Amino acid sequence: MTLETPAFWLVAVLLVGASLGVVLTPNLFHAVLFLAAALVATAAVFLLLDSAFLMGVQLLLYAGGVVTIVVFAIMLTERLVGQRITQASRGLANGAVVAAAVFVGALGVLMETPPAARPPLTGDATEAIGRALVGPFAVPLELLAVLLVAALLGAVYLARTDD
Amino acid sequence: MPLQAYLTLAALVFAIGLFGVLTRRNAIGILLGIELMLNAVNINLVAFARFRGDLAGLIFTLFTIAITVAEVAVGLAIVIAIFRVRRTIEADRLDLLRG
């Protein structure tokens, strides 16, 4: 019994609560703020799984980058239309049934898997990630760089004005 | 906590995100649901990487995070472009391709 168990439950409650906020709140801007909370809670889950480096990446790229972009998009579209975007939902019952079915199905599968013991930490994961990125994963890393450039150009092209 | 706890948490977040994708009318709201689902997948990847002692899961998570950020940038650019033309981002009313 370590500190991990209460920390896990705290983070789990935060994550699930924030996720429910994302999909249920009627105000789109509040939904983005809930998403930021959910992403930070996910970063905490990464920390519980001994991945401090991924926690940093998650906080910087996701909680920092994605949330900023989405807030910009909402501000732009609200500003353009001159009225607040209402966030109506439809088919709540159908969506709940499908989502619950997927959850129960996944639960059924992972209840059948035998419980695995958590192996002890071996060395510094961050250093190992760095070495792997320039070693066996060098080609995917370069491809990722190409993808990011393509996404950058694509976003600028799509969002530009006509004149 | 056992591996199952993390996987259950991820499955729950994934189901919530799926619910959001299915029920939101607003295109940005749908994107937020997709973000939640991808996030749940990342939790799964990191949990498996930790419990199997396999570094590849962490690298994979790094890649999915980067690709997701690119996807969000392009997705929101498309949303803004659609908004300029159609003056709406309600997914139900974007039916030009409907036969």
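Q: Which exposed residues sit on the face of H1(A) turned away from its buried side?
A: This is a predicted model, where local features need pLDDT of at least 70, side-chain atom pairs count only at pLDDT 80 or more, and totals for chains, interfaces and linings use all residues. Residues are numbered from 1 along each chain as its sequence is written, with chains lettered from A and ligands numbered from 1 in the order written. Exposed means 12 or fewer other C-beta atoms within 10 Å of a residue's own, buried means 20 or more, and C-beta atoms are placed from the backbone. On that outward face, the exposed ones are A:Pro6, A:Leu10 and A:Val13.

Q: Why do the buried residues of H1(A) line one face of the helix?
A: The buried set is A:Ala12, A:Leu15, A:Ala18, A:Ser19, A:Val22 and A:Val23. Take the directions from the helix axis to the C-beta atoms; they line one face because, seen down the axis of H1(A), they fall within an arc of 145°.

Q: What covers the buried residues of H1(A)?
A: Helices here are DSSP runs of H or I, at least four residues, numbered from the N terminus. Both chains chip in, and the cover includes H2 of chain A plus helix H1 (3-23) and helix H2 (27-52) of chain B.

Q: Which helix gives the most to the side of chain A that touches chain B?
A: Counting a contact when backbone-placed C-beta atoms lie within 7 Å, 75 residues of chain A meet 59 residues of chain B. Among the contributors of two or more residues are H1, H2 and H4 of chain A. The top giver, with 15 residues, is H3(A).

Notes: Contact = placed C-beta atoms within 7 Å.
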